[in-house]
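Biologist: I would like to learn how to read a protein model. Could we go through it feature by feature?

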Amino acid sequence: MNLDQLLDFNEKFVDSKGYEEYTTDKFPNKRMVIFTCMDTRLVELLPRALNIRNGDVKMVKNAGAIIRKPFDSIMKSLLVAIYSLKAEEVVVIGHHGCGMSNVDTEALQQSMLDRGIPEETLHTLEHSGINLHKEFHGFEKIEDSVTQSVGIIRNHPLLPKEVKVHGLVIDPETGKLDVVTRED
């Protein structure tokens with residue numbers, strides 16, 4: 001599929017008013033924000049496994065459902081969902097078999113070089129204080145990664161005390177959820 005195919009489909013979708021069944025407002029019906037991985041296996045499986053539909057939750061994604069810094073774009077998105085969009089609960093959902101587990105940062109860097117990124121660019125980044133190995137390192141155990149992300153959210157100085165933060169792991173083959181950590 002390419003961009004032209006997407007745009008052709010979109011034109012037909014709009015013309016046939018396919019959007020009408022998805023009409024909702026910007027506030028999540030279930031007052032929840034979910035932070036999860038961008039894995040393709042979760043696009044439809046995760047909402048179905050959780051019984052969520054369009055308009056039910058705010059969904060934030062990145063590679064691995066990883067938060068490393070308290071003021072990165074993911075954390076900002078979660079705070080906006082809480083303060084501006086009425087979310088009252090945060091759920092971090094990692095998954096088994098994640099591509100960010102045990103990332104070979106050397107191979108990733110070599111792939112960058114193979115695809116035309118000049119070696120000088122990588123050296124410039126390193127001399128500017130950006131450690132590519134640290135930036136792209138994933139995790140070894142998904143439960144530990146979920147616990148780390150949950151900890152950053154729970155301990156954030158701008159998170160209201162009443163907002164509960166939970167951590168789960170989903171099996172991308174079956175949709176089965178396991179609780180890693182929960183607040184009651």
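Modeller: We will take the sheet, then the helices across it, then some single residues. Keep in mind that this is a predicted model.

Biologist: In what order do the strands of the open sheet stand?

Modeller: The order in a sheet is read from strand to neighbouring strand. Here the 5 strands follow the order E2-E1-E3-E4-E5, and the pairing is mixed.

Biologist: Which strands stand at the edges, and why is one side of each left without a neighbour in the sheet?

Modeller: Strand E2 (57-62) and strand E5 (177-181) are the edge strands; each has a single partner strand, so one side of each has no neighbour in the sheet. From one strand to the next, the twist averages 25°.

Biologist: In which sense do E4 and E5 pair, and over how many bridges?

Modeller: Strand E4 (residues 164-170) pairs with E5 in the antiparallel sense, over 4 bridges. To see the two strands side by side, find Gly167, which stands opposite Thr181 in E5.

Biologist: Which strands does helix H3 lie across?

Modeller: Helix H3 (residues 73-83) lies across strand E1 (32-37), E2 and strand E3 (89-95), and it runs at about 175° to E2. Now look for helix H7 (residues 142-154), which lies across E1, E3, E4 and E5 and runs at about 165° to E4.

Biologist: Now for single residues. Is His95 buried or exposed?

Modeller: Relative accessibility decides this, and buried means under 20%. His95 has 1% relative accessibility, so it counts as buried. His95 is part of strand E3. Leaving out residues up to four places away in sequence, His95 touches Cys37, Asp39, Arg41, Leu42, Ile142, Val169, Ile170 and Pro172.

Biologist: How does Leu125 count, at 29% relative accessibility?

Modeller: Between the cut-offs of 20% and 50%, a residue is called partly exposed. Leu125 therefore counts as partly exposed, with its 29%. Leu125 lies in helix H5 (residues 119-127). With residues up to four places away in sequence not counted, Leu125 touches Ile130 and Leu132.

Biologist: And Leu3: is this residue buried or exposed?

Modeller: Exposed means over 50%. Leu3 counts as exposed because its relative accessibility is 55%. In the model, Leu3 belongs to helix H1 (residues 3-15).

Biologist: Which residues make the nonpolar surface patch?

Modeller: Met1, Leu3, Leu6 and Leu7 make the patch, with an area of about 470 Å². So the exposed Leu3 is one of the residues in this patch.

Key:
Residues are numbered from 1 along each chain as its sequence is written. This is a predicted model: local features need pLDDT of at least 70, side-chain atom pairs count only at pLDDT 80 or more; totals for chains, interfaces and linings use all residues. Side-chain values use heavy atoms; hydrogens and water are left out. Patches are made of residues with over 30% relative accessible area and no salt bridge: like charges are joined within 9 Å, nonpolar side chains (Val, Leu, Ile, Met, Phe, Trp, Tyr) within 5 Å. Accessible areas come from the Shrake-Rupley method with a 1.4 Å probe; for residues, only the protein chains shown count as cover. A salt bridge is a side-chain nitrogen of Lys or Arg within 4 Å of a carboxyl oxygen of Asp or Glu. Buried means under 20% relative accessible area, exposed over 50%, partly exposed in between (1.4 Å probe, protein chains only). Two strands pair if DSSP finds at least two bridges between them. Axes are lines fitted to C-alpha atoms, for helices over the stretch in contact, and angles run from 0 to 180 degrees between N-to-C directions. Contact means heavy atoms within 4.5 Å.
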